[in-house]
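Student: I should be grateful for a close look at one charged pair in this structure, and for an account of how its surroundings are built.

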Amino acid sequence: MSQQTLAVLDFGSQYTQVIARRIRECNVLSRIYPYSVSMEELKKDGVCGVILSGGPSSVLAKDAPLPDKKVFKLGVPVLGICYGVQLMGKLLGGEVARSERREYGRGAMTVKKKGKLLKGLPKTLKVWNSHGDKLTKIPKGFEVLAYTDNSENSVIADESRNFYGIQFHPEVHHSERGVDILKNFLFGVCKCKDDWKMANYIEMATEEIRKQVGDKRVILGLSGGVDSSVAAALIHRAIGDQLTCVFVDNGLLRKNEREKVEDLFKGHFHIDLRTVKAGNLFLSKLKGVTDPEKKRKIIGKVFIDVFDDAVKKIGDVDFLAQGTLYPDVIESVAIDGNPAALIKSHHNVGGLPKRMKLKLLEPLRELFKDEVRKLGEELGLPKEMIWRHPFPGPGLGVRVMGEIKRKYLTILKESDAIFLEEMKRTGYYDKVWQAFCVFLPVQTVGVMGDERTYDYVIALRVVESQDAMTADWAHIPHDVLGLISNRIINEVEGVNRVVLDISSKPPSTIEWE
């Protein structure tokens, strides 16, 4: 394994893991540390460079999160991004102030001097901003490499000490040539080697799993989706028969989901799989509940209750394994004490009851979906399973708006099956990040034959994305959408209207609840 590590200090930005992922895409090992990490730990890990992430705080606030100032005395290059450049300015003698006009979204940057960081880039670039403060006076020894209309110090550098600062976010896809800027920092400044591969992650993860689990037994909630399936394969590789998978049919699954999961994992993987049919229990607990957060937490609580019962039947089990990914984590809880703002809870992250009797094992917790798929390929999993679209932990429970009723679920399952069937038949399933139906408990007037109808609405959600952190609605041809709409209305009893969701993330989220 590569021994070099690029450290990313996390100040609570929702893009912190995107930074780390971009670095790994460049085949350099990256690790995220809490902003308060000791310099002794960084030295022990042999970091070859440090990136200070963005964050929701203002450096002007009294309680602003601050790193150890010794980070600038480690003798390795440092790059500050957004909040990170403002921190760098404040801690090294510059000045930061509130902007008269905040910069959010796309902006135009002009390069004054390229230096090592902007080497090979054009004179002007479109960049993605997200800040209300800005650096008004640069520290001694720094020079300005680039500026925007609202920020005269958009990129700064002290090349004698290898300190750099960027006001925008080069890690997001919206920033033109942003990855090239990161590559310049990794290879031109830090002199990193591009020798870290996903195979290294398997080696590292299996070693950590064995160390964490020892000779204990693990139970994993298998849904048949990409995340839990890859987690199962990875854990099974590490500890073999110490793993038992439990598939919970919570009544909130897609059409024929249970049968497909049993066929795949009992027949193909030869993993010990136990099926629990608990749909009636889940639906009874969700009766009358309309609030999305309450639904998620109820589903999470019942899920653990069912697992408790499964554990009793299996025997001594110490660990509950989950396919939790980093986007789930950063939208739900503050990681390692960082000041991240809560967006929503996930039933397998923030909604777990405190009384849970099992320790958590989450080997995918630091990965994004596309990385998990690469990991699955390395593990030899079938392509059909690896490239399945993401499916939320609470299942159709967050795709039925409002109260969950059996009738609503039936309508949604039938509609979703038609939607996915046509997306696959026309070749668009593999071209988009995610496609699914949403049931709206709204009845609208329609006409079928000579009769007036008063039936429900199905919304189609199709998005393009790289990592689920940002997403845009996919432009599916009108004739394909028309065919899908006609099939749903004609074949699914209870639906007389189909609509298309054309909102992006942000400001919306991919899921409706």
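Tutor: In this predicted model, Asp-305 and Lys-301 form a salt bridge, with their closest N and O atoms 3.4 Å apart. Both residues belong to helix 9 and are 4 residues apart, so about one helical turn separates them. Lys-301 itself lies in helix 9, which covers residues 292–314. With a relative accessible area of 41%, Lys-301 counts as partly exposed because its value falls between the limits of 20% and 50%. Asp-305, at 22% relative accessibility, is likewise partly exposed. As for position within the chain, the C-alpha atom of Lys-301 is separated by 50 Å from that of Gly-188, 113 residues away along the chain.

Helix 9 also holds a second charged residue of interest, Lys-295, whose side chain meets that of Glu-513 in a salt bridge (2.7 Å, N to O). Glu-513 lies in the segment after strand 18, so this pair ties together parts that are 218 residues apart in sequence. Lys-295 is buried, at 0% relative accessibility, and Glu-513 is buried as well, at 12%.

The helix further takes part in nonpolar packing. The largest nonpolar core has 49 residues, of which Ile-219, Met-423, Ile-458, Leu-460 and Ile-488 touch the most other members. Several elements each supply at least two residues of this core, among them strand 11 (243–249), helix 13 (406–425), helix 14 (478–491) and helix 9. Helix 9 gives the most, with 9 residues. Beyond its neighbours within four places in sequence, Ile-488 is in contact with Ser-415, Ile-418, Cys-437, Ile-458, Leu-460, Val-495 and Val-498. Another core lies apart from this one; its 42 residues include Met-198, Val-372, Leu-375 and Ile-386.

The pair in helix 9 can finally be set beside other charged pairs. The count for the model comes to 23 salt bridges. One of them joins the side chains of Asp-370 and Arg-21, at 2.3 Å from N to O. This pair links distant parts of the chain, since Asp-370 is in helix 11 (residues 369–378) and Arg-21 in helix 1 (residues 16–25), 349 residues apart. Asp-370 and Arg-21 are both buried, whereas Asp-305 is partly exposed, as is Lys-301.

Notes:
Residues numbered from 1 in each chain as written. Predicted model: local features only at pLDDT ≥ 70, side-chain atom pairs only at ≥ 80, totals over all residues. Heavy atoms only, no water. Buried < 20%, exposed > 50% of the residue type's maximum accessible area, 1.4 Å probe, protein only. Core = buried A, V, L, I, M, F, W, Y, C linked by side-chain atoms within 4.5 Å. Contact = heavy atoms within 4.5 Å. Salt bridge = Lys/Arg side-chain N within 4 Å of Asp/Glu carboxyl O.
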